Amino acid sequence: MAEVLDLPIPVETLTGVVDQIMEKRGYVPAESLVGKTIKMKEFSEKYCGKKAPNWIRLFIFDEFPEVNVKNGGWVVNPRRTEEGSKTIIFEKPAAEWMEKHRGEIDWNAKLPQ
């Protein structure tokens, strides 16, 4: 009869290996931001310290035109135009951009009166 051998594997190691296999096969974790969109209110709460939508439009969307989807960015309709009025934000690239550029944003800027 064959002898049984126990090999203790730490859960963290096993989880890491499973994650690598899943990623290779194209599976996305449930908490992933991939493919998710958010509205201005959620964007403000998660990434902008609850700044007002007009503040975000002026000091992020206008100051950094590269965030506009037309320029390869992550926000659709940063301002109302004939083309559309609903602002849509692709969360994963928005989160990555905000993390990378947070030091370039003037968080103390005031809206014009």
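A polar contact is a pair of N or O atoms within 3.5 Å; within protein, one must be able to donate a hydrogen and the other to accept it. Keep that in mind for the first exercise; the model you are looking at is predicted.

**Exercise 1.** Find the side chain with which glutamate 91 makes a polar contact, and describe the setting of glutamate 91.

*Solution.*
- Start with the place: glutamate 91 belongs to helix α4, residues 91-101.
- Next, check burial. The relative accessible area of glutamate 91 is 2%, and buried means under 20%, so glutamate 91 is buried.
- Now look for the partner: the side chain of lysine 46 is 2.7 Å from that of glutamate 91, a polar contact.

**Exercise 2.** Classify the ring pair of phenylalanine 61 and tryptophan 74, then place both residues in the fold.

*Solution.*
- The ring centres are 6.0 Å apart, and pairing asks for centres within 6.5 Å.
- The planes meet at 75°, and over 60 degrees counts as edge-to-face, so this pair is edge-to-face.
- Phenylalanine 61 sits in helix α3 (residues 53-62), whereas tryptophan 74 is in the loop between α3 and β2 (75-76), so the pair ties together parts 13 residues apart in sequence.
- Both are buried: phenylalanine 61 has 4% relative accessibility, and tryptophan 74 has 3%.
- Widen the view: Phe61 and Trp74 belong to one aromatic cluster with Phe43, Tyr47, Phe64 and Trp97.

**Exercise 3.** Identify the ring whose face lysine 51 lies over, and give the distance to the ring centre.

*Solution.*
- The ring is that of tryptophan 55.
- Lysine 51 lies 4.7 Å from the centre of that ring.

Key:
Residues are numbered from 1 along each chain as its sequence is written. This is a predicted model: local features need pLDDT of at least 70, side-chain atom pairs count only at pLDDT 80 or more; totals for chains, interfaces and linings use all residues. Side-chain values use heavy atoms; hydrogens and water are left out. Rings of Phe, Tyr and Trp (its six-membered ring) pair if their centres lie within 6.5 Å; planes under 30 degrees apart count as stacked, over 60 as edge-to-face and the rest as tilted. Helices (H or I, at least four residues) and strands (E, at least two) are DSSP runs, numbered from the N terminus. Buried means under 20% relative accessible area, exposed over 50%, partly exposed in between (1.4 Å probe, protein chains only). A charge sits over a ring if NZ of Lys or CZ of Arg is within 6 Å of the ring centre and within 35 degrees of the ring normal.
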